[in-house]
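Please open the model in your viewer and keep the sequence beside it, since this tour moves from the whole chain to single residues and suggests a selection at each stop.

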Amino acid sequence: VTITRLLIVMIVPAQMEDWITSTSADFVMRHRCYWVNLLGHASNNKGTQTVRVPTANVFDDEALCEILCEVGRGGVPR
């Protein structure tokens, strides 16, 4: 890959009924997203490929703002 492409992976509970719960006091969505920049990753051209996504790269509102600011400065998200 020669251009910036972000892979975003969302981890959710195995059982769909465990994804979201709500009560009169709260609304809870159980998930976590992680991201990795695919720039520089080699393709194996086999149709499937394993990509390691660092769990330190949590994709949330703060990470999105940091990524967009970096791209806006002409940089590459790391």
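What percentage of the 78 residues of the protein chain count as buried? In this predicted model, the share of the 78 residues that count as buried is 13%.

**The whole chain**

Begin with the full chain in a cartoon view, where the secondary structure comes to one helix and four strands, arranged along the sequence in the pattern β-β-β-β-α. The radius of gyration is 16 Å, well over the 12 Å that the globule rule gives for 78 residues, so the chain is more spread out than a compact globule. If you align the view to the principal axes, the C-alpha trace spans about 50 × 35 × 15 Å. Switching to a surface representation shows about 6,300 Å² exposed by the protein chain, with carbon and sulfur atoms supplying 56% of that area. For a contact map, take the contacts between residues at least 6 apart in sequence: 51% of them join residues at least 24 apart.

**Strands β1 and β4**

Next, select residues 32-37, which form strand β4, a mostly covered element in which five of the six residues are buried. Add strand β1, residues 6-11, and you will find the two strands running antiparallel, joined by six bridges. Within this pairing, Met-10 stands opposite Cys-33 of β4.

Now pick Ile-8, which has its place in strand β1 and counts as partly exposed at 41% relative accessibility. Apart from residues up to four places away in sequence, Ile-8 touches Cys-33, Tyr-34, Trp-35 and Phe-59. A C-alpha distance drawn from Ile-8 to Leu-38 should read 10 Å, for two residues that are 30 apart in sequence.

From there, move to His-31, in the loop between β3 (27-29) and β4. His-31 counts as partly exposed, at 38% relative accessibility, and, with residues up to four places away in sequence not counted, touches Met-10, Ile-11 and Val-12. The C-alpha atoms of His-31 and Phe-59 are 11 Å apart in space, although 28 residues separate them in sequence.

**The loop between β4 and α1**

Follow the chain onward to Asn-57, which lies in the loop between β4 and α1. Is Asn-57 buried or exposed? Asn-57 has a relative accessible area of 16%, and because the cut-off for burial is under 20%, Asn-57 is buried. Showing its surroundings brings up Cys-33, Tyr-34, Trp-35 and Val-36, which Asn-57 touches when residues up to four places away in sequence are not counted.

**Helix α1**

Select residues 61-72, helix α1, and within that helix pick out Ile-67, a residue that counts as buried at 7% relative accessibility. Which residues is Ile-67 in contact with, leaving aside its neighbours within four places in sequence? They are Leu-6, Trp-35, Phe-59 and Pro-77. To place one of these partners, draw the C-alpha distance from Ile-67 to Leu-6, which is 9.9 Å for residues 61 apart along the chain.

Glu-66 is also found in helix α1, but this residue is partly exposed, with a relative accessible area of 48%. Its C-alpha atom is separated by 14 Å from that of Tyr-34, 32 residues apart along the chain.

**The salt bridge**

Now display the charged side chains and look for ion pairs. Side chains of opposite charge can pair when their charged atoms come close. A search of the whole structure finds one salt bridge, formed by Arg-73 with Glu-70, whose closest N and O atoms are 2.7 Å apart. Arg-73 is exposed, with a relative accessible area of 61%, whereas Glu-70 is partly exposed, at 26%.

**The nonpolar patch**

For the last stop, return to the surface and select Met-10, Val-12, Met-16, Trp-19, Ile-20, Phe-27 and Met-29, which together make a nonpolar surface patch of about 720 Å². Of these, Met-16 lies in the loop between β1 and β2 (20-22), and at 60% relative accessibility Met-16 counts as exposed. Met-10, another member of the patch, is the residue you have already seen opposite Cys-33 in β4.

Terms used
Residues are numbered from 1 along each chain as its sequence is written. This is a predicted model: local features need pLDDT of at least 70, side-chain atom pairs count only at pLDDT 80 or more; totals for chains, interfaces and linings use all residues. Side-chain values use heavy atoms; hydrogens and water are left out. Patches are made of residues with over 30% relative accessible area and no salt bridge: like charges are joined within 9 Å, nonpolar side chains (Val, Leu, Ile, Met, Phe, Trp, Tyr) within 5 Å. Accessible areas come from the Shrake-Rupley method with a 1.4 Å probe; for residues, only the protein chains shown count as cover. A salt bridge is a side-chain nitrogen of Lys or Arg within 4 Å of a carboxyl oxygen of Asp or Glu. Buried means under 20% relative accessible area, exposed over 50%, partly exposed in between (1.4 Å probe, protein chains only). Contact means heavy atoms within 4.5 Å. Two strands pair if DSSP finds at least two bridges between them. The radius of gyration is taken over C-alpha atoms; the globule rule is 2.2 Å times the number of residues to the power 0.38.
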